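Reader: I would like a close look at one part of this model, namely how the helices of a single chain pack against each other. Please take me through that part with care, and then set it beside the contacts between chains and whatever else helps to place it.

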Amino acid sequence: MLRAISITRRFGRTLALDAVDFDALPGEIHALVGENGAGKTTLMNVLAGSLAADHGEAVLDGRSLRAGSPRAALAAGIAAVHQSPMLFERMTWEENLALGGFDTNAGALDLDAVAARARALAAKLGFEMPPAAATVENRSVAERVRLEVLRALSFNPRVLILDEPTSVLAPSELNAFLDLLRGLRSEGRIVVLITHKLAEAIAVADRITVLRRGRVVARTTPAETSEEKLAGLMIGEIVAQPARSEARPRSGAPALQIENLTLDDRTGRRILDRLSIRVAAGEIVGIAGVDGNGQTELVEVLAGVRRPSSGRITVLDGSPGGAMAVIPQNRDLDGLILEMRLWENLILARPLREQVTSHGWLSISRAADLCRELIDRFRIRAPGPETTAGALSGGNRQRLEVARAIASRPRVIVAHNICRGLDLAATAEVHRTILDFASDPSGGAVILISSDLDELLAICGRLLIISRGNIRETNPGERDPERLGLLMAGARD
Amino acid sequence: MLSSIAKPFAALALAAALISIVLAALGASPLGVFAALAEGAFGSWYACAETVVKSTPLVFTGLAVALAFSGALWNIGADGQLTIGAMAAGAIGPHLGNFPHAIAIATILAAGVLGGAVWGGVAGWLGARRDVNEVISTIMLNFVAVQALSWAVHGPLMEPSRAYPASSPIARAARLEFYFAPSRINLGMLLAVVLAAACYMLLFRTGAGFELRAMGRNRRAATFFGVRIPALTLWVMALSGALAGLGGAVQVSAVSHRLYEKLSPGWGFEAIAVALVARLNPLAVIPAALLFGALDNGSQAMQRAQGISPELVQVIQGLVILIILAFDTPAWSGIREHIFGAPHDAAAPPPVAEAPDA
Amino acid sequence: MLEAFLTSAITMATPILLAALGELLVEESGVINIGIEGAMLAGAFVALAIAYFSGSIALGLAGGVAAGVAINAIFAMLVVNLAVNQVVTGTAVSILALGLTGVFYRKLFGVTGKAFMVAPIAKIPLGALARIPLLGPVFFNHNALVYFTFILVPAVWYVIARTRYGLRLRACGERPEAAAALGLGVVAIRWQALVVSGALTGLAGAFLTLAYANTFVENISAGRGFVALSVVIVGRWNSWGLAAASVLFGAAMALQFGLQALGTVVPYQLFLALPYALTLVVLAGFGGQAAAPSALGEPYRRD
């Protein structure tokens with residue numbers, strides 16, 4: 001039996017896992033569900049040895065696992081298939097697999113033997129293998145998943161942990177994959193399946209554990225639950241919201257027009273698929289979707305970090321400030337420079353920088369004044385403009401980013417998972433600020449991209465759903481969180 | 001604030017301790033050596049003046065390196081940029097005899113700026129347009145510059161009597177005067193100090209300087225906010241080269257008055273130590289340059305008094321850089337956080353923990 | 001004349017190739033070591049000093065190897081264990097080695113400028129092979145170090161491309177996080193690469209003083225370490241390519257001596273600058289860096 005006992009793990013100030021207990025039995029498929037940021041991947045990394053927990057331990061068959069050592073985990077019989085690619089692109093698939101467990105020859109490296117063993121196992125699983133000596137670079141995403149699963153199985157593990165393995169599989173491949181999992185179960189292995197696809201979890205799992213914000217919020221079985229219930233648990237407490245979001249009429253002038261935005265990545269995979277959005281001033285449009293459906297890339301394109309393959313973005317009726325203010329989801333990595341002071345982080349936004357610069361000359365006192373003004377106005381808890389951004393708590397950093405976005409007086413604010421990691425009070429405050437911005441006559445439009453339905457339902461006038469790089473409008477009256485959660489989670493209408 | 005000053009001093013202290021071990025192994029007395037160094041650098045009026053002279057090129061190259069490093073652009077090519085700047089100065093210098101003094105000086109220095117800017121700009125262009133790692137390109141360009149100088153003084157620029165591989169002397173009009181003769185103190189240092197102040201203003205008081213520092217700290221975040229990385233790379237490398245090139249021109253105009261092989265005894269590399277000790281702050285480059293210039297100057301006296309060759313100064317340079325890097329490693333801040341809890345207030349530490357894109 | 005030139009090319013190429021092969025191993029593991037120049041210089045000096053004072057070439061070679069390893073160890077501690085900036089560290093290590101060798105050279109051998117010679121390593125003509133016209137003397141009448149280098153080229157190729165160890169090495173340079181997740185010890189493997197490289201580079205330095213110049217002068221390596229870096233790039237991170245590039249650059253170096261003596265119109269500096277200029281051309285024009293290991297130069301830190 002695999003057990004995680006009271007696992008706690010922090011990243012900086014964020015509590016990723018909070019005293020999580022988890023167990024999985026031989027001959028069982030145990031599904032771990034939750035939205036991204038819930039802590040599933042962190043838990044998996046702790047179990048697989050890539051990450052050491054701050055507190056707690058992992059135990060397999062009564063023996064405690066050495067923390068932070070993938071080698072120890074593999075030796076104990078735990079193999080993982082990660083969500084982010086862990087293949088070596090420039091090597092051939094045989095070489096990739098040889099680094100797994102197929103290389104059992106005592107003497108010299110024999111890639112042919114590795115290939116033979118791989119093919120044998122693949123045949124048993126119904127997988128197709130790439131042509132001989134093909135490098136991984138040009139293989140399709142589905143092939144890569146298969147290779148990673150194969151590599152994990154090559155260790156003949158007692159425990160197999162899979163993180164979102166089916167998110168890139170075509171529906172036709174899905175059943176075969178689920179059968180594969182059932183086969184592994186019947187061999188007596190422990191299978192931990194991390195997924196947000198609730199239908200699959202219910203179809204194949206024996207037990208289901210739901211994580212939310214680093215805590216276990218439910219333990220159940222498919223018989224006792226349903227997709228709707230799980231969606232509700234995953235996404236949040238369904239609190240009766242005061243009717244704040246009276247459907248805002250499209251009163252304002254058009255603010256942003258995105259036409260047929262398409263983005264293909266290097267391997268030709270389509271990430272954004274002819275996305276078209278029209279937003280008017282005063283609107284708060286929500287784009288709901290589970291992470292990994294193109295949101296990050298959309299934000300990058302809007303910020304100008306990435307060039308789309310085709311399509312057009314037009315900001316209409318330019319306001320005195322900049323056209324678009326972007327608040328990226330990785331606030332610590334992309335939105336702020338933690339070593340710099342607050343006023344420096346503020347002037348990262350070009351419009352604000354221009355405000356405090358004359359003839360190229362930066363006025364630190366003006367920047368500091370602006371910073372103080374914003375600290376007051378947005379109630380950022382910070383000693384002063386000279387504080388470094390790294391010294392602020394997560395909530396205050398978020399306030400800073402929102403303050404910066406609004407102070408630059410943009411036509412459109414695009415915010416990605418803006419309230420992730422914030423408590424309810426901080427979330428409410430951010431929402432109030434956004435509402436004020438939108439309802440201000442000289443304000444602009446807001447696009448909120450989020451996987452948190454609570455938040456979107458609370459303040460968005462219009463709700464779009466993004467799935468596999470596609471945007472779908474929802475009916476204006478459609479407000480049932482469970483149903484929307486299902487749509488987000490990939491169900492077909 | 002205190003910690004940012006304490007670090008260089010701690011690093012220097014540790015370097016001194018390690019040097020003492022080396023000296024002991026050589027059978028020399030550490031105290032005797034340090035005393036000889038100090039004596040040689042500051043022992044007499046002439047010695048002090050000479051220290052200033054020897055520090056001048058280090059201010060120029062130190063500024064060049066500090067500026068580039070602030071943007072996480074690892075310019076290892078200050079030596080080559082200085083050399084090309086010197087070459088340009090040495091080429092045009094002999095022909096300025098008929099110009100008024102001020103014009104001649106301005107011209108010869110401008111030539112240095114241009115030469116260095118081009119040499120730095122090549123590396124910048126390669127990085128911006130062809131994604132070539134600036135580390136490799138600047139190192140390669142160093143060597144090309146050395147060969148170009150060698151060819152020039154053996155060939156087209158060789159002085160008429162063809163007795164030595166050196167260029168014709170520059171015209172009197174183009175020479176930066178000696179003051180307080182017989183010392184060699186000249187306006188070059190004054191120019192360097194003014195430029196240091198200018199670089200400080202640029203880096204900390206302009207929008208462009210801010211973009212550079214943002215790019216150096218977090219390239220990805222900078223792109224999110226519209227900083228155009230390729231253009232900035234090109235401009236900064238050109239500016240960095242220009243500063244180094246100007247240093248070369250000053251050296252030719254004020255001290256050497258002609259070109260010869262091996263013009264730079266490694267100022268471009270010494271500049272890395274200078275810039276790191278100064279923690280990339282242009283104003284602090286001045287005292288840091290003086291420190292290393294003092295070591296350079298004192299090393300001759302040290303050799304006479306203690307029999308230790310002047311290369312000891314390079315040992316000091318290397319050790320200082322390594323120690324500062326070791327102090328600044330993220331591993332330390334992780335350990336520090338463990339012990340002290342709070343994230344440390346980083347005033348302006350060098351962004352040396354980040355990697356160049358290779 | 002041609003024979004002398006080609007033989008000289010091979011002789012010049014050898015230390016460069018030795019160091020480059022070592023650097024290839026290091027770069028395949030994901031580290032770029034600019035301190036290679038320092039390791040070579042240290043190896044050169046220590047080899048000469050030990051050979052001179054002990055009278056034994058073998059001890060000298062061993063000393064050179066040890067010196068190279070020691071220099072690389074300093075580099076490894078900072079770059080692999082502390083995950084510090086590789087470029088600046090490498091530069092500092094080279095400066096440090098330049099200084100240390102200079103200081104100790106003067107202390108041990110004085111400032112008199114008298115050349116302290118050692119007897120060169122004996123050449124070992126390979127019997128019948130050495131008698132083949134032209135090819136014979138050029139390839140088969142060298143000392144043991146040169147032959148060792150010949151053998152090393154296919155050996156390094158084989159290790160990198162065909163062995164289990166080479167696979168693990170490449171994994172570290174391709175994606176160290178994935179390698180670690182598979183249980184590989186990235187830190188240990190990078191250390192090993194640096195130690196082996198240190199040995200080879202130290203040996204290359206020893207070649208310079210014990211087989212080539214038979215004495216030591218300041219900065220005897222004269223940038224050959226950086227040429228080795230160029231060789232890895234121009235050779236496209238492939239043993240055979242490295243060999244070809246080394247011979248090319250060795251020929252350029254040999255050529256410049258001849259040209260200096262002849263005093264022709266073509267400036268010999270052109271040939272000395274060739275390796276560096278060519279590297280730039282390759283990098284700029286032919287997507288040179290695309291062939292590099294993906295994670296080259298990025299510090300890797302265990303979480």
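Author: In chain B, helix α3 (residues 45-70) packs against helix α4 (residues 78-92) at an angle of about 125°, and their axes lie 10 Å apart (axes are lines fitted to C-alpha atoms, for helices over the stretch in contact, and angles run from 0 to 180 degrees between N-to-C directions). That angle makes α3(B) oblique to α4(B), since angles under 35 degrees count as roughly parallel, over 145 as roughly antiparallel, 65 to 115 as roughly perpendicular and the rest as oblique. The crossing of α3(B) past α4(B) is right-handed. From α3(B), the residues that make this contact are Pro57(B), Thr61(B), Ala64(B) and Val65(B), while α4(B) brings Ala78(B), Gln81(B) and Leu82(B) (contact: C-beta atoms, placed from the backbone, within 7 Å). Sorted by class, the contact of α3(B) with α4(B) holds 5 nonpolar and 2 polar residues, with no charged ones (Ala, Val, Leu, Ile, Met, Phe, Trp, Tyr, Cys and Pro count as nonpolar, Asp, Glu, Lys and Arg as charged, the others, Gly among them, as polar).

The model is a predicted one, in which local features need pLDDT of at least 70 and side-chain atom pairs count only at pLDDT 80 or more, whereas totals for chains, interfaces and linings use all residues. Residues are numbered from 1 along each chain as its sequence is written, and chains are lettered from A and ligands numbered from 1 in the order in which they are written.

A second helix pair of chain B can be read alongside the one above. Here α11(B) and α13(B) pack at an angle of about 40°, with 9 Å between their axes, and they are therefore oblique to each other. Their crossing is left-handed. The contact draws Glu270(B), Ile272(B), Ala273(B), Leu276(B) and Val277(B) from α11(B), and it draws Gln317(B), Val320(B), Ile321(B) and Ile324(B) from α13(B). By class, the residues where α11(B) meets α13(B) are 7 nonpolar, 1 polar and 1 charged.

The helices of this second pair also take part in the contact of chain B with chain C, to which chain B gives 43 residues and chain C gives 42 residues. On the side of chain B that touches chain C, two or more residues come from each of α5 (101-130), α6 (134-154), α11 (267-277), α13 (312-328) and α14 (330-340) of chain B. That side of chain B comprises 29 nonpolar, 10 polar and 4 charged residues.

Chain C has a further contact, in which 15 of its residues meet 18 residues of chain A. On the side of chain C that touches chain A, α7 (164-174) and α8 (176-181) of chain C each supply at least two residues, and α7(C) has the largest share with 5 residues. The residues of that side divide into 6 nonpolar, 3 polar and 6 charged.

Chain A itself contains an open sheet of 6 strands with mixed pairing, in the order β15-β18-β19-β13-β20-β21. Its edges are β15 (324-327) and β21 (470-473) of chain A, each with a single partner strand, so one side of each has no neighbour in the sheet. From one strand to the next, the twist averages 20°. Strand β20 (residues 462-467) of chain A and β21(A) pair in the antiparallel sense over 4 bridges, and Leu464(A) has Glu473(A) of β21(A) as its bridge partner.

Notes
A crossing is left-handed if the near helix is turned anticlockwise from the far one by less than a right angle, and right-handed if clockwise. Two residues are in contact if their C-beta atoms, placed from the backbone, lie within 7 Å. Two strands pair if DSSP finds at least two bridges between them.
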